[in-house]
Every structure is written in structure tokens, then in C-alpha cells.
Amino acid sequence: MTRPLAFALALLITSVAFADDNWPSFRGPGLQGHSDSTGIPLTWSDTEHVTWKTPIHGKGWSTPVIWNNQIWLTTATVDGAKSSVLCLNRATGEVLLDRVEFANETVEPLSNPLNCYASPSPAIEEGFVYVHFGSYGTACIDTKTFKTLWTRRDLPCRHYRGPGSSVVIYKNLLLLTMDGVDVQYLVALNKKTGETVWKTDRTTDYDDIDPKTKMPKMDGDLRKAYTTAVVVEHEGRPLLLSPGARAAYAYDARDGKELWKITYPGFSNAASVVFAPAKGGAGGLPALAYINTGHGKSEFMAVKVDGKGDVTKSNILWNHGRNVPRRSSPVLVNDLLFMVDDGGIAICLDAKTGDVCWVQRLGDGKEQYSASPIYVDGKVMFCGQEGLTTIVAPTREYKLLATNKLSSGMMASPAVAGKALFLRTKTHLVRIEGPTAN
């Protein structure tokens, strides 16, 4: 099929697509890892229930984003010299666009073998997609013409171990998190023009200066983070919840004003916040943010989102310190939290109390985990770095539903649209769909 014909087909199918068929950002709508899709296959393999399988060049751990009949994703050369953007036809898997968006003359070598130069996920909405490679470049692209509308390459941050924080759309703003070993800040861009609307520096006291060398300890790792912020509505205010190294913050998403923070020993965080609105009635809970503190003393904690200033002593409802993942985000289903640590031990916690409901090693114990689990079609899915996906019931007792294997492993978190699951392996993008799907 020629590109003009494929593009015409994409536009035709786009015109009849439904809004709830989309996966607009890292971890989907609201960045919570939830999908309301049904009819997703329970089993698959390299051949079973594979609608199409498209090779993706380079190296990229970003999650694909989906709007109508387009799938967008990023990749980069292994050395980071070229940062590329791709658009695929959702129906056929055909590549509609494959373009080097940024050529990088100076690239800091990665000192983290788990990361790459295309880990931040894009974000998409009607008519526009926003791609981000950390300090190496951010761009807005027209999804109809494929024209790049604006770029920013003047947002400094020494990633050191590579970029990781994904972009977030909030109304007319594009929100970026820049937590490097040299500078740490959040910045909001006008999504139509790319111009800076506000910029807020972290106020963390890292307490990491070596008294002999007068330099940050551990080459600045105690200042580094990879997290993606989450915007939630609470009591009429948009809270931008953003964990960083040594502290997590709530900002006003409209102007970047810091509202409160909690402090902790952790650093090099990667997990995003999971949010639970307040629940009234008997045994009700206040609105809570579930926060992962990262490397070092890894803890997972429930934090009340009210307050002002340093609320470390007043707002932590409970914390949990065993089998805490240092890379993947959790998923909240009803009053249960599900997560998997780096070595493949999955746990379920009671979201109200932090009590452990169950602990289970996934697979044969050889699988590592970076991708974040998702909740879809009444099931929780964990995707491993060697290609194993474990599907469990979202219940207080461990119930294994299925295990599936793809020959190439997964670093990227999965995406869902319609009745299809889109898995980005280390080498391909794969569409998984049952025979009864429309």
C-alpha cells in the first residue's frame, strides 16, 4: 500500500472512531493505568491473536500513544545522535511517518544500561502530538499534516543516566519535569506556541555535598529522578503531584506555585503517583496520593493531599517498605494496590491501611520488570523485560488467570485502545486482538 493511500485510509477510519478508543498519554487517560476496554484477549503468543507486528528501529522505551487511527511513538539511535518520531496506522500497522526530529551533536553517554534516549512517552490530543526527549528536544506536531509546529531545545538538564519523565497535557499547558543531576525544575509551555508560561525550581535540600570535594556525592544521583507528574482535581484546584529525589510535591498546575511537600531519603524515582479521591461515609478516607520514594530507602506511602508547606510529619497516613518497585508504577483497583518490584515479586496492598493482602513471585523468577502494570477488562497485567505477561484477578487473594510470552521483551508500558492491546517490545510494536473484536 502506498503512503498516500494509507494516509487516506487513516483519515477515513479516523472519522468514525470513538473518543474512548484513545490512549492519550503514558499510562493512558489520567495517567492511572486504567482502561475501560473489554474483549481483550486473555492469551497470546508471537502468532496467536497477533493482528499485526511492525518492526521499530533504534531503541526506545516510550509508551505508544493512540488517537483515533493513529499510533505515535518515539525512538532514538543507541548512541542518542538521532531522535526520531514515528506514526503508524492503527488498523494495519503500516508506518505513515518515520522522521528524525532532532539530530544531537553533543550527547552525554548513558551510565544506566536500563535506560535509553527515548524513554519519555509522548502525549496526544485531537490534531496534535507532543514528543519529548528530555533536554535533547521537545516538539509539537500536527497529526494531519505531520508538520512540526514548534520545538524547544533550550530547556537545560543534565540527565546523566538518560531522560525518563514523560509529557503531560493540562488544558492549554504542556507540563515537563526536568530532574537532572545539575538542575531540578518543572516547566509549563503554551502548547500552541511552545513558549514558557511558568517555571518552578524544586526546593529540596539534598544535603549531598561531600565536605572534602565540595561536590555532590554519587555524581549527583541523589538529585536525579525520572518521574512523570500527574494532574488531579481536588476541591476545585488542579494539583500537580510530582515526586522527585528526596521530596515529593504538590503544585498548582495553573501557575506552578508550590503548595506542599513531603521529604524522604529516596532518589532516582521513576514511578508515577496514583491518586484516590476522598471517600465519605463510615470508614471513609481523605483524598490520597500513593507515592514511591525510589532508590535508597525505598518506601511506598499513602499521603493526604491537603495542607501547606512541609507536611511530612502530618500527612503520611501509612508507609510500606518491602518489595517496593524502583522502576514501575502501581495500579489502584477499588481499594487494592497492585505493583511488581524490579525482580518480579508482585504484591497487593490494602489501599486504606497498607496491609499486605498477598505476595507472589511472577513466572520462574528470572524476569525483571520496568513496565508499569495496567488494569483492563477486569484484569491486572504485568509485562516483563523478557517478554512474559502475567495476568491476575484484581482480588485480595492471588488468582493467576494467564501467562503469555512474546519472544522480545518489554521495557515500555502497554497501551490499550478499543478491543486491542498494543505491546511495544524491544524490537516491534505488536497489536494483540481477539477474533471476535470489531
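The following exercises, each with a worked solution, concern a predicted model.

**Exercise 1. Nonpolar cores**

Find which residues touch the most other members of the largest nonpolar core, and which strand gives this core its largest share.

Solution.
Step 1. The largest nonpolar core has 33 residues. Those that touch the most other members are Leu-175, Leu-240, Leu-241, Trp-260, Ile-262 and Ile-291.
Step 2. Strand 17, residues 247-252, supplies 5 residues, the largest share of this core.
Step 3. Take Trp-260 and set aside residues up to four places away in sequence; it then touches Leu-241, Ala-248, Tyr-249 and Ala-250 among others. Further along the chain, its contacts include Val-303, Lys-304, Val-305, Asp-306, Gly-307, Lys-308, Gly-309 and Val-311.
Step 4. Another core, of 29 residues, lies apart from the largest one. Its members include Ile-56, Met-410, Phe-422 and Leu-429.

**Exercise 2. The surroundings of Asn-104**

Decide whether Asn-104 is buried or exposed, and list the polar partners of its side chain.

Solution.
Step 1. Locate the residue: Asn-104 belongs to the loop that runs between strand 6 (95-103) and strand 7 (123-125).
Step 2. The relative accessible area of Asn-104 is 8%. Buried means under 20%, so Asn-104 is buried.
Step 3. A polar atom of the Asn-104 side chain lies 2.8 Å from the backbone oxygen of Gly-80. The side chain of Asn-104 also makes a polar contact of 3.1 Å with the side chain of Ser-83.
Step 4. Beyond four places in sequence, the contacts of Asn-104 are Gly-80, Ala-81, Lys-82, Ser-83, Tyr-136 and Arg-153.

**Exercise 3. Cavities**

State how many cavities of 30 Å³ or more the structure holds, and describe the lining of each.

Solution.
Step 1. Searching the whole structure gives 2 such cavities.
Step 2. The largest cavity encloses about 50 Å³. Its lining consists of His-132, Gly-134, His-159, Pro-163, Gly-164, Ser-165, Thr-177, Met-178, Asp-179, Lys-224, Ala-225 and Tyr-226.
Step 3. Strand 12, residues 173-179, contributes 3 residues, the largest share of that lining. By class, the lining of the largest cavity has 4 nonpolar, 6 polar and 2 charged residues.
Step 4. The second largest cavity has a volume of about 30 Å³. Around it are Ile-56, His-57, Gly-58, Lys-59 and Gly-60, together with Arg-424, Thr-425, Lys-426 and Thr-427.
Step 5. The lining of the second largest cavity divides into 1 nonpolar, 5 polar and 3 charged residues. Ile-56 appears in this lining and also in the core of 29 residues.

Methods: Residues are numbered from 1 along each chain as its sequence is written. This is a predicted model: local features need pLDDT of at least 70, side-chain atom pairs count only at pLDDT 80 or more; totals for chains, interfaces and linings use all residues. Side-chain values use heavy atoms; hydrogens and water are left out. A nonpolar core is a set of buried Ala, Val, Leu, Ile, Met, Phe, Trp, Tyr and Cys residues joined through side-chain atoms within 4.5 Å. Buried means under 20% relative accessible area, exposed over 50%, partly exposed in between (1.4 Å probe, protein chains only). Helices (H or I, at least four residues) and strands (E, at least two) are DSSP runs, numbered from the N terminus. Contact means heavy atoms within 4.5 Å. A polar contact is a pair of N or O atoms within 3.5 Å; within protein, one must be able to donate a hydrogen and the other to accept it, and residues adjacent in sequence count only if both atoms are side-chain atoms. On a 1 Å grid over the protein atoms alone, a cavity is a set of points where a 1.4 Å probe fits but cannot get out, and a pocket is an open set with protein on both sides within 12 Å along at least five of seven lines; lining residues have an atom within 4 Å of a point. Grid points are joined across faces, edges and corners, and a volume is the space filled by probe spheres set on the points. Ala, Val, Leu, Ile, Met, Phe, Trp, Tyr, Cys and Pro count as nonpolar, Asp, Glu, Lys and Arg as charged, and the others, Gly among them, as polar.
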